[in-house]
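Colleague: I would like to know what stands behind the terms used for this model. Please give me the value and the cut-off each time.

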Amino acid sequence: MTTSRLRILTCLTDTRAEPWVRGLRAALPEAEVEDWAPGAAPADHAVVWAPPQAFIDEQPGLRGLFNIGAGVDALLRLRLPPATRVVRLDDAGMSVQMAEYVCHFLIRHFREFDAYESESRAGRWSYRKPRERKDFAVGVMGLGVLGERVARAVAQFEFPVNGWSRSPKRIDGVRGFAGAAQFDDFLSASRVLVNLLPLTDETHGILNGGTLSKLNDGRPGGYLINVARGAHLVDDDLIPLLDSGQLAGATLDVFDVEPLPAGHAFWSHPKIAVTPHGSARTERDTSIAQIATKIRALDRGEPVAGVVDAKRGY
Ligand code: NAP
Ligand code: GLV
């Protein structure tokens, strides 16, 4: 009897495939690993980032589709074979980076370090009046792998922290809100809003004029940190809120179109900090080790963490 060798393809948009192929070959010596080219032989599993529909259509027998990131929105937009399981990365070094990023921009805003930077560039020795952290409640939307870590990290700095999720959660130091019924109360109770929701039909455009105006009990001075997906934000609603002072500023790491097009108003707005979708990068070696472990477990018929519920959208 002949048993065919396990076959794995990579299909990685915007990412160099060669180090992934090399790493996967080392981690799974029992497997044949190749980067996809049209017409490739059928594979058992694929390691992907935003693959084209043509790749999926050619590979109807895939058992596992391993995403090299946490967010699976680009994958779930494709027509996938019903038996193919979509598996996301669990943390793999991303949550600590996300906590660093959010705490950095939160504290930069709260302590007005951006203003200190411009004063020091002008050669001025000037103090600003300290602000009280009790007035800067932070609301974290999404309390999953990344959101929970962020909420806990922010709580360490003694900010009041609110968290919003679909199902109720109990996290030390975090006031929990859940579901659509508690969304407005969550927004009113929060001054700095951190978005860590998955992009789904329910969350598309959730950061808009109506919701952002509710921050801080409707008073001016709210602040937005969007680190999830650009399509959560209605771009055209943000600038008027900033210009009127309703929002004091925004930090944006993700955009509807990436790279953010040259000349887009976000680049030059004085109250917006832009970073190039790098708040939590995929750590290749950690991710390869995680994916290899999951491929073996899946093929032994064991349960694996991070299998996406396509109906729920994350
Ligand atoms: P996750 O583990 O899937 O957690 C998602 C959280 O959102 C859960 O707490 C879930 O509630 C909540 N949620 C989902 N739909 C909701 C709704 N309609 N109303 C209220 N809460 C809802 O996701 P994650 O790993 O933390 O990642 C979150 C997102 O971050 C990813 O989807 C990706 O888009 C983004 N991301 C960005 C970067 C970057 O570099 N910028 C890096 C990694 C990830 P339940 O707990 O009740 O299910
Ligand atoms: C990055 O945006 C990810 O979803 O991992």
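Modeller: This is a predicted model. To begin with ligand 1, an oxygen atom of ligand 1 is 3.3 Å from a polar backbone atom of Ala280.

Colleague: What makes the pair of Ala280 and ligand 1 a polar contact?

Modeller: A polar contact takes N or O atoms within 3.5 Å. The distance between Ala280 and ligand 1 is 3.3 Å, so the pair counts as a polar contact. In addition, a nitrogen atom of ligand 1 lies 3.0 Å from a backbone N or O atom of Arg166, and a polar side-chain atom of Ser279 lies 3.0 Å from a nitrogen atom of ligand 1. Those distances also fall within 3.5 Å, so the same term applies.

Colleague: How much of ligand 1 does the protein bury?

Modeller: Ligand 1 exposes 940 Å² when taken alone, and the protein buries 93% of that. There are 31 residues around ligand 1, and the closest are Arg88, Leu146, Ser167, Lys169 and Tyr314.

Colleague: Which residues are around ligand 2?

Modeller: Trp49, Gly69, Ala70, Gly71, Met94, Arg229 and His277 surround ligand 2. By class they are three nonpolar, three polar and one charged. Arg229 is the charged one, because Arg counts as charged.

Colleague: How do you know that His277 is in polar contact with ligand 2?

Modeller: A polar side-chain atom of His277 is 2.6 Å from an oxygen atom of ligand 2. The limit is 3.5 Å, so His277 qualifies. Ala70 offers a backbone N or O atom at 2.7 Å from an oxygen atom of ligand 2, and Arg229 a polar side-chain atom at 2.8 Å from an oxygen atom of ligand 2. On its own ligand 2 has 190 Å² of accessible area, of which the protein covers 85%.

Colleague: Arg229 also has a partner in the protein, Asp73. Why is that pair called a salt bridge?

Modeller: The side chains of Arg229 and Asp73 meet at 3.0 Å, N to O. A salt bridge needs an Arg or Lys side-chain nitrogen within 4 Å of a carboxyl oxygen of Asp or Glu, so this pair meets the rule. The count between domain 1 and domain 2 is one salt bridge. Four residue pairs are in polar contact across that interface.

Colleague: Where do the two domains run, and what area do they bury?

Modeller: The domain assignment gives 6-92 + 282-299 for domain 1 and 94-274 for domain 2. Eleven residues of domain 1 and seven residues of domain 2 take part in the contact. Between them the domains bury about 760 Å², with 48% of it on carbon and sulfur atoms. Their C-alpha centres lie 32 Å apart.

Technical notes
Residues numbered from 1 in each chain as written. Chains lettered and ligands numbered in written order. Predicted model: local features only at pLDDT ≥ 70, side-chain atom pairs only at ≥ 80, totals over all residues. Heavy atoms only, no water. Domains from an automatic or database assignment. Contact = heavy atoms within 4.5 Å. Buried area = accessible area lost by both parts, 1.4 Å probe. Polar contact = N/O pair within 3.5 Å; in protein donor to acceptor, adjacent residues only side chain to side chain. Near = heavy atom within 4 Å. Areas by Shrake-Rupley, 256 points an atom, 1.4 Å probe, with all protein chains shown as cover.
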